[in-house]
Amino acid sequence: MRLYNTLSRQLEELPEPEAGPIRMYYCGPTVYQRAHIGNARPFLLGMWLRDWLRLRGYDAKLVHNITDVNDKIYDAAPGASAELATRATQWYLEDIAGFGLGLPDSLPKATEHIPGIVSFIEQLIARGNAYAVEGDVYFRVATDPGYGRLSGQRPDQMEEQEPNALKEDPRDFALWKANKPGEDTSWDSPWGRGRPGWHIECSVMAEEELGPEFELHGGGLDLVFPHHENELAQSTALGHRFARIWTHNGMLEFGGEKMSKSLGNDVSIRNVLDTWGREVALLFFLTAHWRKPIDFTDATLEQAKAQWQSFGQAIYEAKPSRPAVGWEAFERALDDDFNTPEALAVLHEWRRASELELLNEGLSVFGLGFVREEAPDEVRALVEEREAARDGKDWQRSDELRDRIAELGWIVQDGPDGSQLVPR
C-alpha cells in the first residue's frame, strides 16, 4: 500500500504488515463549540484507513487527540473554559459516534499531558532550542535549519505567528504561555503559572501515545502551517524522527454559498447527521479523493443520497448476477493512495452486476451495508392502497401515500414490474 507524503511530495510505500505496526496520529478538534462537519473528514479518513489496514493484515493503531486548552476556548468562555471544554468534548464524542464507525483506539486530551509538556519544554530549553521571557517560553526557529520543509514556506517570508516584542525572532512560536487575567485554567511550571501552546500539545500527545518515531501523522490541509510545521520542528530538535509520512486532507468548500440551504445556518456534524443521515454523510465523503477539496452543497448531498438509494435498490431487487470485476479491483483502488472515488466506482460496478455479496462486503469497509429486511404490514398495506390509487389515476392520493410511506422509513420506487420498497 502507498500513500502521498506531504513531507517528501511523493507517494510512499508502507512497510509490509510483518514489518511492524502502523501507528497513526490524526489531529482532532479544539473543543469550544459543536464540531463543524469539516472536522469529520480527518476523523473518517483515520478510521477508514485504520480499518482497511487491519483488513489487509496490519497491526494498526489510531490516536485522535482532543485539544481542550487553547485560546479559542478561553475566548469562547471567559472564566469558564474548563466547563465549556468538558461539555464540548462530550458533544464531539457523541457526534462522531453517530457515524457508526466506533471510536479511535485512543482519544488523549491535552489537559491530561501537562507534566509531559513541561518536561518536553525543559529539554528544549536545556538544548538551546527554546527560551523563557516573562513567563512565556518560545521555540527558537533559527535553531532548525530545515524549518519550512513540510509546508514549503521560506523562513524569511513567513509572517509573525504570535506577536510579542520580547521575542528574539518574529518567527518564534509559543511553547508555554503565562496565565492572563480571565484565564481560569492554568498550571504551575518552572516559568510561572500558565498553560501550554497549541503546537507542543500535539507533539507530546503523539509521542507519549506512539513513541518518538511513528509511521503516519494526519490532519486537515489547513494544519500544514504553522501547526504541523511547528510540531515537526520541536520534536526533531530533541533528535526524534517523529512522523515518517504526513497526510493532509483537502478542505470542504461550500460552492460559493456560506451554508447548505437544507441545514440553515448550522453545518455541525450533529445537524448534518440529523438532517441527511449517517449513510448519506459517509457516502458523501467517499466521493472525493481525500487529498482533494470537496464541495459541500445540497446538490452533492442529494447525489450521495441517490447513490445510497441505488445500492439499496440493488440489494432489494436481488437480480441474477452477471460477471463483474473482482475484489482485487477494490483492493487496488484503496491500496493506491486510498482512492475512495475509484473504490466507489467498483462498488457501482458490483451494483450494476448484482454482485450483492461483494457489494455489501465493500460497503462494510466504510461502515455501510444492508441487512435485508421485510417491510412491516402497515407499510405493505399502504403500498397496496397506493397501487390502487395509481390504477385509478388518483395521482394526488398516490403522492400522499408515498409521502406517508417515506415517513415510516421506506421509499417506493416505481418500475415496469411494479413498485419496489427500499429502506430510506
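This tour moves through a predicted model, from the whole chain to selected helices and aromatic side chains.

**The whole chain**

Begin with the complete protein displayed as a cartoon. It has 14 helices and 14 strands. Along the principal axes, the C-alpha atoms fill a box of roughly 85 × 50 × 35 Å. Of the 424 residues in the protein, 52% are buried. Among contacts with a separation of 6 or more, 75% are between residues 24 or more positions apart.

**Helix H7 and its surroundings**

Select residues 269–276, which form helix H7. The buried residues in this helix are Ile269, Asn271, Val272, Leu273 and Trp276. Next, add helix H1 (40–55), helix H3 (81–97), helix H8 (278–286) and helix H9 (298–317) to the selection; the cover over the buried residues of H7 includes these four elements. Then step past the end of H7 to Gly277, which follows the helix and has a positive phi, near 90°.

**Helices H8 and H9**

Keep H8 and H9 in view and hide the rest. Two packed helices are described by the angle between their axes and the distance between the axes. Here the angle is about 110° and the axes are 8 Å apart. Because angles of 65 to 115 degrees count as roughly perpendicular, H8 and H9 are placed in that class. To inspect the contact, show side chains on both helices: H8 contributes Glu279, Val280, Leu283 and Phe284, while H9 contributes Thr300, Leu301, Ala304, Lys305, Gln307, Trp308 and Phe311.

**Helices H11 and H12**

Move to helix H11 (residues 340–352) and helix H12 (residues 356–364), whose axes come within 8 Å and cross at roughly 155°. Angles over 145 degrees count as roughly antiparallel, and H11 and H12 are therefore described in that way. The crossing of H11 past H12 is left-handed. For the residues that meet, select Leu347, Trp350 and Arg351 in H11 together with Leu358, Leu359, Gly362 and Leu363 in H12.

**Aromatic pairs**

Now display the aromatic side chains. A pair of aromatic rings is described by the distance of the centres and the angle of the planes. The count for this model comes to 17 aromatic pairs. One of them joins Trp52 and Phe330, with 5.9 Å centre to centre and 85° between the planes, an edge-to-face arrangement. This pair links distant parts of the chain: Trp52 belongs to helix H1 and Phe330 to helix H10 (residues 327–335), 278 residues apart. Trp52 and Phe330 are both buried.

A second stop is the pair of Phe214 and Phe242, also edge-to-face, at 5.1 Å centre to centre and 75° between the planes. Phe214 lies in strand E9 (residues 213–220) and Phe242 in strand E10 (residues 242–249), 28 residues apart. Colour these two by accessibility: Phe214 has a relative accessible area of 1% and is buried, and Phe242, at 0%, counts as buried too.

Return to Trp52 and Phe330 and extend the selection to Trp48, Trp327, Trp350 and Phe366; together these residues form one aromatic cluster. Trp350 was already met on H11, where it is among the residues facing H12 in the contact.

**Arg291 over two rings**

Finish at Arg291. Over which rings does Arg291 lie? One is Tyr4, with Arg291 over its face at 4.3 Å from the ring centre. The other is Trp290, with Arg291 over its face at 5.9 Å from the ring centre.

Conventions: Residues are numbered from 1 along each chain as its sequence is written. This is a predicted model: local features need pLDDT of at least 70, side-chain atom pairs count only at pLDDT 80 or more; totals for chains, interfaces and linings use all residues. Side-chain values use heavy atoms; hydrogens and water are left out. Buried means under 20% relative accessible area, exposed over 50%, partly exposed in between (1.4 Å probe, protein chains only). Helices (H or I, at least four residues) and strands (E, at least two) are DSSP runs, numbered from the N terminus. Contact means heavy atoms within 4.5 Å. Rings of Phe, Tyr and Trp (its six-membered ring) pair if their centres lie within 6.5 Å; planes under 30 degrees apart count as stacked, over 60 as edge-to-face and the rest as tilted. A charge sits over a ring if NZ of Lys or CZ of Arg is within 6 Å of the ring centre and within 35 degrees of the ring normal. Axes are lines fitted to C-alpha atoms, for helices over the stretch in contact, and angles run from 0 to 180 degrees between N-to-C directions. Angles under 35 degrees count as roughly parallel, over 145 as roughly antiparallel, 65 to 115 as roughly perpendicular and the rest as oblique. A crossing is left-handed if the near helix is turned anticlockwise from the far one by less than a right angle, and right-handed if clockwise.
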